[in-house]
Amino acid sequence: MHTCVSEDASSTLPEMAEAAAELGLSEIAITNHFIIGYEGYQVTVSQLESHREEAIKLESRLGIKILIGAEVDYFEGKEAEIERFLSSFDFDIVLGAAHFVDGYGIASESGATELLKMMDAGTAFRKSIVKATEAAATGMFDVMAHPDIMKKYTPFPDDLPAYEEYYEEAVEFAKTLNRTNTGFEINCRGFDHNAGEQYPSMDFVRTLLGEGVDTVTIGSDAHDSATVGKYLDKGLSFATQAGIREFSLFEKRKCVEKISTSEMGFDF
């Protein structure tokens, strides 16, 4: 989840944690953005340290575990700068992201719209997954976030390309995750987007599982306290249908435990 230190979010850490505790969640992860070159999307070390201090107090008061992480965009040629950031704090989990294709921000409506004026949706999907694969290939990240984020602003379902159009790129992405021991997430925020479903799609997830990727997390990707935990029930139902048997729990950037999806339940 994201707090208001990221420009696209609006709630404080206490507000997010209190909302999670009220729902009965036992563990959350705060993963604010670090996007090189984008002011307002660069969580600082001092903000991370402040969040850690707050989290310790909130954990004691609310009885909930709070991981402090980051969602970090990969840019070719910026590896050293990314590595410096990753070594500057004792993270619990680091998500990798690829929000840009040919300079266009595909998680924004304006950026995705402009990109789709330049190329067809199939090409855009292939390019976006190639970018995610390049990020995963570095081995710098624990979990790759929403690899098919391109569908966020692709008119759905009429203009969404068939999975076959980017299947080969998805397979290479899956092989790269497996080779670098990197996981993927079931991101439930897509139920509120044009896609009307989680990230990644069913076909995509089955490809990932088929290539042996077995580190999977689940999250609401909430950007305010009102959406904490939103659609986790749908995400869990999807994961079960897709054949995911376990979710991974992280601490200090290592998978410390796996919990069976059959043991989980969200009744809110």
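## Pockets

A pocket here is an open set of grid points with protein on both sides within 12 Å along at least five of seven lines. In this predicted model, the second largest pocket holds about 370 Å³ of space. Its lining has 22 residues, and Asp8, His33, Tyr41, His99 and Ala107 are the ones nearest its centre. Sorted by class, the lining of the second largest pocket comes out as eight nonpolar, nine polar and five charged residues.

The largest pocket offers about 770 Å³. Around the largest pocket sit 34 lining residues, with Glu27, Ile28, Ala29, Ile218 and Gly219 nearest the centre. The elements that each give two or more residues to this lining are β1 (27-34), β2 (65-73), β7 (183-187), β8 (216-219) and β9 (246-251). As for chemistry, the lining of the largest pocket splits into 18 nonpolar, 11 polar and five charged residues.

## Nonpolar cores

Now for the packing. The largest nonpolar core takes in 70 residues, and Ile28, Ile66, Val72, Phe85, Phe141, Phe173 and Phe184 have the most contacts inside it. Helix α5 (residues 121-137) is the top contributor to this core, giving six residues. Another core, of five residues, lies apart from it and includes Ile93, Leu95, Val143 and Ala145.

Ile28 turns up twice: it is among the residues nearest the centre of the largest pocket, and it is also among those with the most contacts inside the largest core. Leaving aside residues up to four places away in sequence, Ile28 touches Met1, Ala17, Ala20, Ile64, Lys65, Ile66 and Leu67.

## A closed cavity

The structure has one cavity of 30 Å³ or more. About 40 Å³ of space lies in the largest cavity, and its lining is made up of Ala97, Ala98, Ser128, Ala132, Met144, Ala145, His146, Pro147 and Ile149. By class, that lining counts seven nonpolar residues, two polar ones and no charged ones. Ala145 links two parts of the picture, as it lines this cavity and also belongs to the five-residue core.

## Backbone oddities

A few spots in the loops deserve a look. The peptide bond from Tyr199 to Pro200 is cis, with omega near -5 degrees. Pro200 sits in the loop between β7 and α7 (202-210).

Two aspartates have positive phi. For Asp102, in the loop between β4 (100-101) and β5 (104-105), phi is near 50 degrees. Asp102 counts as partly exposed because its relative accessibility is 47%. For Asp221, phi is near 55 degrees, and this residue lies in the loop between β8 and α8 (232-242). Asp221 has a relative accessible area of 14%, so it is buried.

Definitions and conventions
Residues numbered from 1 in each chain as written. Predicted model: local features only at pLDDT ≥ 70, side-chain atom pairs only at ≥ 80, totals over all residues. Heavy atoms only, no water. 1 Å grid on protein atoms, 1.4 Å probe; cavity = no way out; pocket = protein on both sides within 12 Å on 5 of 7 lines; lining within 4 Å. Points joined across faces, edges and corners; volume = space filled by probe spheres on them. Helix = DSSP H or I, 4+ residues; strand = E, 2+ residues; numbered from the N terminus. Nonpolar A, V, L, I, M, F, W, Y, C, P; charged D, E, K, R; others polar. Core = buried A, V, L, I, M, F, W, Y, C linked by side-chain atoms within 4.5 Å. Buried < 20%, exposed > 50% of the residue type's maximum accessible area, 1.4 Å probe, protein only. Contact = heavy atoms within 4.5 Å.
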